Each structure stands twice: as C-alpha cells, then as structure tokens.
Amino acid sequence: AAGVRFPTPRGMLAARLVWAATLVLGLAAGEQDETTTSAETESAQPVDLAGRTFESAQVSGITLADGTAVTLSFEDDGISASAGCNTMSGAANWDDGTLEVAGELAATMMACPDGLQEQEDWLASLLTSSPAIALDGDTLIVGDDTTGMVLEERANLPLEGTMWQLE
C-alpha cells in the first residue's frame with residue numbers, strides 16, 4: 001500500500017471534530033449564512049452508492065491471485081461482492097462512514113481454484129468487520145491501510161449499442 005493513505009477512524013473523527021468546532025464557532029459569532037447551512041446539509045447526507053459497481057485498484061491485507069479483482073456492487077440496502085470465484089450478497093447500510101453488513105453474507109458455493117477461496121474468505125471477513133467506507137468522486141475506499149481496498153467505479157454499459165470484443 002505504498003503511497004496510498006486510507007482514512008482511519010481516528011483521522012475521520014479528527015476531521016469531524018474540526019468541522020463541528022468550526023460550525024459551533026461560526027454559530028457563536030453569529031456568522032451562519034446560506035453557505036454554512038448548505039454545507040452542513042450536504043455533509044449530513046449519506047453517500048448514495050445504490051446502483052453503482054466498483055472494482056479493486058489496490059488491495060491491502062492480501063495479495064490477489066493473478067488475473068483477479070474484487071468487485072463490489074451496491075443496491076438499495078444491499079451489497080454484492082466477488083473476489084474472483086463466488087458471489088456474496090446481503091443486507092447492508094453504509095451511512096455515517098461505516099459499512100454495516102447485517103449478519104452473514106449469503107454466497108454461491110462453487111469450488112474455487114487454489115488461492116481464490118482464501119480471497120473469498122478475506123473479503124467476507126473485511127465486509128463483515130464494519131470497515132470505514134468513503135467515496136471520493138469515482139473512487140471508493142473500504143477499510144484501512146492494513147486491511148482494505150481502493151476501488152474505482154466501473155462503467156455500466158448497456159447491452160445494446162455497446163461494441164463488445166471477445167478475447
């Protein structure tokens with residue numbers, strides 16, 4: 001994970017404390033305006049991930065098998081994930097900067113080649129550990145620099161009108 005900094009719960013807490021202190025000082029000084037109210041409203045809104053799919057660009061905590069990637073897809077109140085073999089899914093909430101998966105993830109039961117089952121287990125463990133989650137444009141960060149991922153949003157191409165190439 002050289003050169004990439006993941007937000008830590010401590011760092012996110014510090015940022016929230018600085019934001020809260022700035023808001024309190026602004027209110028105390030009578031300097032609240034429409035801009036402050038708008039920023040407060042925007043920062044209080046949950047990140048809308050529903051309908052979006054992300055693919056791993058960098059992973060910390062495990063070395064992925066060659067030719068594989070982690071994929072996370074979000075729907076209303078749910079997540080599906082794959083680390084190269086099976087697909088896992090379950091109810092989830094990602095408000096307040098934490099990914100909360102309700103219970104265990106359901107998974108397909110294909111026999112995975114060597115190394116892929118370890119990836120599947122690692123991913124299930126990460127997703128059910130209530131990791132930090134942050135979105136910066138099309139980049140999603142899940143976890144931290146010890147166990148986590150940086151993922152990039154995949155374009156959802158329509159089946160019709162898209163030029164497909166078989167390799």
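A disulfide is counted here when two cysteine sulfur atoms lie within 2.5 Å of each other. By that rule, this predicted model holds 1 disulfide. The partners are C85 and C112, with their sulfur atoms 2.2 Å apart, and that distance satisfies the cut-off of 2.5 Å. In chemical terms, a disulfide is a covalent bond between the sulfur atoms of two cysteines. The link of C85 and C112 is left-handed, with -100° about the S-S bond. It ties together distant parts of the chain, 27 residues apart: C85 sits in the loop between β3 (78–82) and β4 (87–93), while C112 sits in the loop between β6 (106–107) and α3 (116–127).

Let us stay with this link a little longer. Both C85 and C112 are buried. For C85 the relative accessible area is 14%, and C85 counts as buried because the limit is under 20%. What does C85 touch, once residues up to four places away in sequence are set aside? The list is M110, A111, C112, P113, L116 and E120. One of these, P113, is 28 residues from C85 along the chain, and the C-alpha atoms of the two are separated by 8.1 Å. Two others, L116 and E120, are among the buried residues of α3, which makes α3 a good place to go next.

The helix α3 has 12 residues and reaches 17 Å from its first C-alpha to its last, close to the 16 Å expected at 1.5 Å a residue. Its buried residues are L116, Q119, E120, W122, L123, L126 and L127. Seen down the axis of α3, these residues fall within an arc of 165°, so they line one face of the helix.

Now step back to the whole chain. It has 3 helices and 9 strands, and along the sequence they follow the pattern α-α-β-β-β-β-β-β-α-β-β-β. Buried residues make up 32% of the 167 residues. Among contacts with a separation of 6 or more, 56% are between residues 24 or more positions apart. The chain exposes about 10,500 Å², and carbon and sulfur atoms supply 53% of that area.

What lies inside? In soluble globular proteins, nonpolar side chains tend to be buried together. In this model the largest nonpolar core has 26 residues, and those with the most contacts inside it are L72, F74, I79, L123, L127, L140 and M149. At least two residues of this core come from each of β1 (53–60), β2 (71–75), β3, β4, α3, β8 (139–143) and β9 (148–153). The largest share, 4 residues, comes from α3. To see how one core residue is surrounded, pick I79: leaving out residues up to four places away in sequence, I79 touches L72, S73, F74, M88, S89, G90, A92, L99, V101, L105 and L127. L72, F74 and L127 from that list are also among the residues with the most contacts inside the core.

Strand β2 is also home to T71. At 17% relative accessibility, T71 counts as buried. Which residues does T71 contact, leaving aside its neighbours within four places in sequence? They are T53, F54, E55, S80, A81, S82 and R154.

Finally, two loop residues deserve a look at their backbone angles. Most residues other than glycine have a negative phi. D96 has a phi near 60°, a positive value in a residue other than glycine. D96 lies in the loop between β4 and β5 (100–101). Is D96 buried or exposed? D96 is exposed, with a relative accessible area of 66%.

S130, too, has a positive phi, about 55°, although it is not a glycine. S130 belongs to the loop between α3 and β7 (133–136), and S130 is partly exposed at a relative accessible area of 34%. Apart from its neighbours within four places in sequence, S130 is in contact with T98, L99 and E100. With E100 the separation along the chain is 30 residues, while the C-alpha atoms of S130 and E100 are 5.0 Å apart. L99, another contact of S130, also appears among the residues that I79 touches.

Conventions. Residues numbered from 1 in each chain as written. Predicted model: local features only at pLDDT ≥ 70, side-chain atom pairs only at ≥ 80, totals over all residues. Heavy atoms only, no water. Buried < 20%, exposed > 50% of the residue type's maximum accessible area, 1.4 Å probe, protein only. Expected span 1.5 Å × (residues − 1). Arc of directions from axis to C-beta. Contact = heavy atoms within 4.5 Å. Areas by Shrake-Rupley, 256 points an atom, 1.4 Å probe, with all protein chains shown as cover. Core = buried A, V, L, I, M, F, W, Y, C linked by side-chain atoms within 4.5 Å.
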